[in-house]
Amino acid sequence: MTQPTPVSGERGRDVSLVFDRVTKKYGRVTAVDNISFSIPKGSLVTLLGPSGCGKSTILRMIAGLETVTEGRILLNGEDVTRQSAIERNVSMVFQSYALFPHMTVLENVAYGLTVSGMAKREASQRAIEGLGLVGLADYGPRLPSELSGGQQQRVAVARALVLEPQVLLLDEPLSNLDTKLRRRVRDEIRGIQLKLNLTAVYVTHDQEEAMAVSDQIIVMNKQRIVQHAPPRELFENPADEFVADFICNANLVSGEAKRNEAGRSECVIGGVTASIPDRQARLGDIRVAVRPDAIRLFGDAGKHSLNGEVVYASFLGTEMQYTLRTPLGELFVRSDEVADPYPLGSRVGIGFADRGLAIVGTLK
Ligand code: ADP
Ligand code: MG
């Protein structure tokens, strides 16, 4: 057996939640494969990845609703791997709200407190404060069915908050809400987390939602972590093709890195020269992620070494989206020049912006 990694010392003291080489198996199915990460106190970290990659299983293991097959989980330095759900000081907000329909909003929020032995009056008082935090102070006497979806989810958040958890877990909390409400509830959750300095683990498969709420994002694919970084770092420096595609909707093309100086590589992509940051100084045949907003289009196609034909064009109010057929393959392009768009079938010259290109691998 390998020795567990030590998590004590100066830094360990600020770390609220640690996953140390955790694996979860259901029979022969591996749901989570040898995952390690740590989450500092007072930060919101998002698990982001496609359906089935293991996000909910991780939350359920943190909550103690699921056993761990291998590895250990530490909460504020204490090994909680074998603790039951009730022994751990964490609470979870579910996608489906999971409110009791026959109880009032106030009773729903107070429920966890009374179950854990608090006197009814004090529990009610705390529940009223919790409802105040989510902007629903006056809604206590109502039944859940008398609230909108967004309000119900805020009640679920209040119910989790009043338990004053060491870690707040949120599993796709916005999935059942309309697009417009989603942004509001999202901002409210982030606002409360910042105000109360809560440690939170948030799960979503939506990259924009993840970018908006997170201090750090853990990108997962096929039961493993592929990159753990702040949103900006992920966006500007995706670790591989999967992250580039998933986070930035990037185009993946081939090119050649000619030379590297001071952390930047001079690359040729489809005959166009581009300067791309690359600390690893990879030379030769490379794979490049090109963000849709990093492609420049020109009407005077003949003057440019790389050309494309517009095969789709959509007007989205503040931007145009194009699909181009090019020698590099199909390229997806977003352009904020909406006044005079390129028509279907037209030929355009193609260039690259200074930012928005990243080397994501070499060609074997
Ligand atoms: P996510 O939340 O990222 O969509 P899950 O954590 O729910 O993914 O599931 C990860 C993997 O584990 C999936 O392949 C899923 O089918 C499998 N899995 C989850 N729960 C169970 C279970 N109770 N029994 C068997 N397999 C499961
Ligand atoms: Mg899930």
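1. Which polar side-chain atom lies 2.9 Å from an oxygen atom of ligand 1? In this model, which is predicted, that atom belongs to Ser-56. The protein as a whole covers 60% of the 560 Å² of accessible area that ligand 1 has on its own.

2. Backbone atoms also approach the ligand. A backbone N or O atom of Gly-54 is placed 3.0 Å from an oxygen atom of ligand 1, and a polar backbone atom of Cys-53 is found 3.2 Å from an oxygen atom of ligand 1.

3. The surroundings of ligand 1 can be read along the sequence, beginning with Tyr-26 and Ala-31, continuing with Pro-50, Ser-51, Gly-52, Cys-53, Gly-54, Lys-55, Ser-56 and Thr-57, and ending with Gln-223. Sorted by class, this shell is made up of four nonpolar, six polar and one charged residues. Helix 2, which spans residues 55–63, supplies three residues, the largest share of the shell.

4. Turning to the strands, strand 6 (residues 90–93) is covered on both of its faces, since Val-90 and Met-92 are buried on one side, while Ser-91 and Val-93 are buried on the other. Strand 6 runs parallel to strand 7 (residues 167–171), and four bridges join the two. Within this pairing, Val-90 has Val-167 of strand 7 as its bridge partner.

5. Salt bridges deserve a separate point, as a search of the whole structure finds 20 of them. One of these links Asp-278 and Arg-282, whose closest N and O atoms are 2.9 Å apart, and both Arg-282 and Asp-278 are buried.

6. A second example pairs Arg-291 with Asp-293, with 3.1 Å between the closest N and O atoms. Here the partners fall into two accessibility classes: Arg-291 counts as buried because its relative accessibility is 11%, under the 20% cut-off, whereas Asp-293, at 34% relative accessibility, counts as partly exposed. Elsewhere, Asp-20, Arg-21 and Arg-72 are joined into one network by salt bridges that share partners.

7. Within that network, the side chains of Asp-20 and Arg-21 meet in a salt bridge with an N to O distance of 3.3 Å. Is each partner buried or partly exposed? Asp-20 counts as buried because its relative accessibility is 5%, while Arg-21 counts as partly exposed because its relative accessibility is 28%, a value in between the cut-offs of 20% and 50%.

Methods: Residues numbered from 1 in each chain as written. Chains lettered and ligands numbered in written order. Predicted model: local features only at pLDDT ≥ 70, side-chain atom pairs only at ≥ 80, totals over all residues. Heavy atoms only, no water. Near = heavy atom within 4 Å. Polar contact = N/O pair within 3.5 Å; in protein donor to acceptor, adjacent residues only side chain to side chain. Areas by Shrake-Rupley, 256 points an atom, 1.4 Å probe, with all protein chains shown as cover. Nonpolar A, V, L, I, M, F, W, Y, C, P; charged D, E, K, R; others polar. Buried < 20%, exposed > 50% of the residue type's maximum accessible area, 1.4 Å probe, protein only. Pairing = 2+ DSSP bridges. Salt bridge = Lys/Arg side-chain N within 4 Å of Asp/Glu carboxyl O.
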